[in-house]
Amino acid sequence: MSIGKFYGGIGALIWSPKIERYLLLRRSALKDYGAGAWECVTGRVDQGEGFEEALHREVMEELGVKVEVMALLGTTHFYRGAPAPENELIGVVFLCTLDDPDSIRLSPEHSAVRWMSAAEVRETLDANDPTTSWARRLIARGEIVRKLVSHELANYYQTAGVETG
């Protein structure tokens, strides 16, 4: 396969320790891709921007809040539509924390917000529905990673960041 161009993206799965729930957002009906789907904060990396910088910018744009990075949750590779180079995206997904779940302001990019436990996600989101299976997988992974991440590692990411420069 030849070297090509693709978009960089981020995902921010946000956990509130205060209420022990994950934040899910419903994509606006006006979105060009995935309208109505439940997701975490997502967005593209702008030219000249790193993944962590994009994470904080996207969270601020979509929710109006600052989050703390707890851990790297994983990477993703998918096509926003037909599998063509102009639709290809690779991304990094972060597990983040937000202490005050009532502080978010929903942007026009989303039509609804829900804080859900992992059990509620399993009951509510269909694993066979492509519009909800990604969110289910992220939250399942988030449950495992949250339990494995030490307090020291989470503090390190919060003070040093994840970018290696």
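**Figure 1. Asp46 and its salt bridge to Arg57 in the predicted model.** Asp46 is partly exposed, its relative accessible area being 39%. Its partner is Arg57, and the closest N and O atoms of the two residues are 3.4 Å apart. Asp46 belongs to the loop between β4 (41-44) and α1, whereas Arg57 lies in helix α1 (residues 51-63), so the salt bridge ties together parts that are eleven residues apart in sequence. Arg57 also meets the side chain of Glu58 in a salt bridge, with an N to O distance of 3.0 Å. Through shared partners, salt bridges join Asp46, Glu49, Arg57, Glu58 and Glu61 into one network. A search of the whole structure finds seven salt bridges.

**Figure 2. Surroundings of Glu58 in helix α1.** Glu58 has a relative accessible area of 7% and is therefore buried, the limit being under 20%. Arg57, with which Glu58 forms a salt bridge, is likewise buried. When residues up to four places away in sequence are not counted, Glu58 touches Ile10, Val41, Thr42, Gly43 and Arg44. One of these contacts, Arg44, places its charged end over the ring of Tyr7, 4.2 Å from the ring centre.

**Figure 3. The salt bridge between Arg27 and Glu39.** The two side chains meet with an N to O distance of 3.2 Å. Arg27 is part of strand β2 (residues 21-27) and Glu39 is part of strand β3 (residues 38-39), so this pair ties together parts that are twelve residues apart in sequence. Arg27 is buried, with a relative accessible area of 9%. Glu39 also counts as buried, at 7% relative accessibility.

**Figure 4. Helix α1, its buried residues and its end.** The 13 residues of α1 should span 18 Å at 1.5 Å a residue, and the end C-alpha atoms of the helix are 18 Å apart, which agrees. The expected value is taken over one less than the number of residues. Buried positions of α1 are Glu52, Ala54, Leu55, Arg57, Glu58, Val59, Glu62 and Leu63. The cover over these buried residues includes β1, β2, β4, β5 (68-79), β6 and β7 (110-116). Gly64 follows α1 and has a positive phi, near 70 degrees.

**Figure 5. Contacts of Phe94 in strand β6.** Strand β6 comprises residues 88-97. At 1% relative accessibility, Phe94 counts as buried. With residues up to four places away in sequence not counted, the residues that Phe94 touches include Ile10, Gly11, Ala12 and Leu13. Among its other contacts are Phe51, Glu52 and Leu55, and Glu52 and Leu55 are buried residues of α1. Phe94 further touches Val69, Ala71, Leu72, Leu73 and Val162. Phe94 and Val162 are 68 residues apart in sequence, and their C-alpha atoms are 9.8 Å apart in space.

**Figure 6. The tilted aromatic pair of Trp15 and Tyr22.** A pair of aromatic rings is described by the distance of the centres and the angle of the planes. A search of the whole structure finds two aromatic pairs. In the pair formed by Trp15 and Tyr22, the ring centres are 4.7 Å apart and the planes make an angle of 55 degrees. Trp15 is buried, with a relative accessible area of 7%, and Tyr22 is buried, with a relative accessible area of 0%. The ring of Trp15 also lies beneath a charge, since the charged end of Arg146 sits over this ring, 3.6 Å from its centre.

**Figure 7. The tilted aromatic pair of Tyr156 and Tyr157.** The two ring centres are 6.3 Å apart. An angle of 50 degrees separates the planes, so the pair is tilted, being neither under 30 degrees nor over 60. Tyr157 counts as buried, at 17% relative accessibility.

**Figure 8. Glu20 in the loop between β1 (7-16) and β2.** The phi of Glu20 is near 55 degrees, a positive value in a residue other than glycine. Glu20 is exposed, with a relative accessible area of 51%.

Definitions and conventions
Residues numbered from 1 in each chain as written. Predicted model: local features only at pLDDT ≥ 70, side-chain atom pairs only at ≥ 80, totals over all residues. Heavy atoms only, no water. Salt bridge = Lys/Arg side-chain N within 4 Å of Asp/Glu carboxyl O. Helix = DSSP H or I, 4+ residues; strand = E, 2+ residues; numbered from the N terminus. Buried < 20%, exposed > 50% of the residue type's maximum accessible area, 1.4 Å probe, protein only. Contact = heavy atoms within 4.5 Å. Phe/Tyr/Trp six-rings, centres within 6.5 Å; stacked < 30°, edge-to-face > 60°. Lys NZ or Arg CZ within 6 Å of the ring centre and 35° of its normal.
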